[in-house]
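Trainee: I should be grateful for a close look at one part of this structure, namely the salt bridges and the residues that surround them.

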Amino acid sequence: MATEQELSDFLKNTERRAFKRALYHVRDEEAALDIVQDSMLKLSVHYGDKPPAELPMLFQRILSNCMLDWFRRQKTRKALFTNLSDFEGPSDDGQDFDLLETWLAPQDGAGAGAQSAEDSLRRSQTVQAIEAAIEQLPTRQREAFLMRYWEEMDVAETAAAMGCSEGSVKTHCFRAVQALGKMLKAQGITP
């Protein structure tokens with residue numbers, strides 16, 4: 001059984017990635033924050049007494065369900081109301097932690113301080129292109145891709161969190177990687 005401290009530590013370590021994942025799905029910072037907070041609350045209230053090893057899977061499933069619920073509510077709301085502000089993209093003030101920027105940073109200690117402005121700009125543009133490409137993926141492909149490669153979940157965990165078969169996860173991931181490769185290659189970005 002997870003202690004309050006273990007649950008608190010898990011939520012602290014998960015919140016930034018969960019927010020970024022929700023933001024990629026809903027494309028609205030406020031809604032993404034609400035979804036993550038709602039997911040954390042549901043995990044704490046309903047599953048806080050589970051073993052710490054089960055918390056990541058439970059949280060991913062809750063987060064996925066909260067995002068699906070949000071889309072259902074949006075669909076209902078849009079059927080009843082027309083809101084022109086929905087056509088605006090989310091504003092990005094650049095203050096959020098970004099795993100892609102960390103991942104693309106120089107790995108050797110010597111090169112980190114000697115990074116040129118040109119390299120920094122190129123790296124920043126590459127990160128923006130990757131994020132934009134991920135946002136263009138269909139919902140299920142994006143969800144499978146982020147769980148497998150961002151959250152580092154295995155196929156079985158991803159299938160359980162998405163509520164589909166392992167074969168579907170593999171198909172979604174394969175198609176996502178293929179689509180990302182084509183989009184990035186069209187922009188001149190190669191591995």
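Mentor: What follows is an account of one network of salt bridges, then of its surroundings.

The model is a predicted one. The count of salt bridges comes to eight. Three residues, R21, R140 and E143, are linked in a network of such bridges. Let us take its two pairs in turn.

In one pair, E143 forms a salt bridge with R21, and the closest N and O atoms are 3.6 Å apart. This pair links distant parts of the chain, since E143 belongs to helix α7 and R21 to helix α1, 122 residues apart. Are these two residues buried or exposed? E143 has a relative accessibility of 5%, so it counts as buried. R21 has a relative accessible area of 2% and is therefore buried; the cut-off for this class is under 20%.

In the other pair, the side chains of E143 and R140 meet in a salt bridge of 3.4 Å, N to O. E143 and R140 are separated by about one helical turn because they are three residues apart in helix α7. R140 has a relative accessibility of 28%, and so it counts as partly exposed.

A salt bridge in helix α3 may be set beside this one. There, D69 and R72 are three residues apart, about one turn of the helix, and their closest N and O atoms are 2.9 Å apart. D69, at 27% relative accessibility, counts as partly exposed, whereas R72, at 52%, counts as exposed.

Now consider the surroundings of the network. Helix α7 spans residues 139-150, and its buried residues include E143, R142, F145, M147 and W150. After α7 comes E152, whose phi is positive, near 60 degrees.

Helix α3, residues 55-80, holds Q60. With a relative accessible area of 4%, Q60 is buried. Which residues does Q60 contact, leaving aside its neighbours within four places in sequence? They are R21, M147, E151, M153 and A161. R21, a member of the network, is thus in contact with Q60.

Finally, R21 lies in helix α1, which packs against helix α2 at an angle of about 145 degrees, with the axes 8 Å apart. The crossing of α1 and α2 is right-handed. Among the residues that meet there are L7, F10 and F19 in α1 and L33, V36 and M40 in α2. By class, this contact has 15 nonpolar, one polar and two charged residues.

How values were computed: Residues are numbered from 1 along each chain as its sequence is written. This is a predicted model: local features need pLDDT of at least 70, side-chain atom pairs count only at pLDDT 80 or more; totals for chains, interfaces and linings use all residues. Side-chain values use heavy atoms; hydrogens and water are left out. Helices (H or I, at least four residues) and strands (E, at least two) are DSSP runs, numbered from the N terminus. Buried means under 20% relative accessible area, exposed over 50%, partly exposed in between (1.4 Å probe, protein chains only). Contact means heavy atoms within 4.5 Å. Axes are lines fitted to C-alpha atoms, for helices over the stretch in contact, and angles run from 0 to 180 degrees between N-to-C directions. A crossing is left-handed if the near helix is turned anticlockwise from the far one by less than a right angle, and right-handed if clockwise. Ala, Val, Leu, Ile, Met, Phe, Trp, Tyr, Cys and Pro count as nonpolar, Asp, Glu, Lys and Arg as charged, and the others, Gly among them, as polar. A salt bridge is a side-chain nitrogen of Lys or Arg within 4 Å of a carboxyl oxygen of Asp or Glu.
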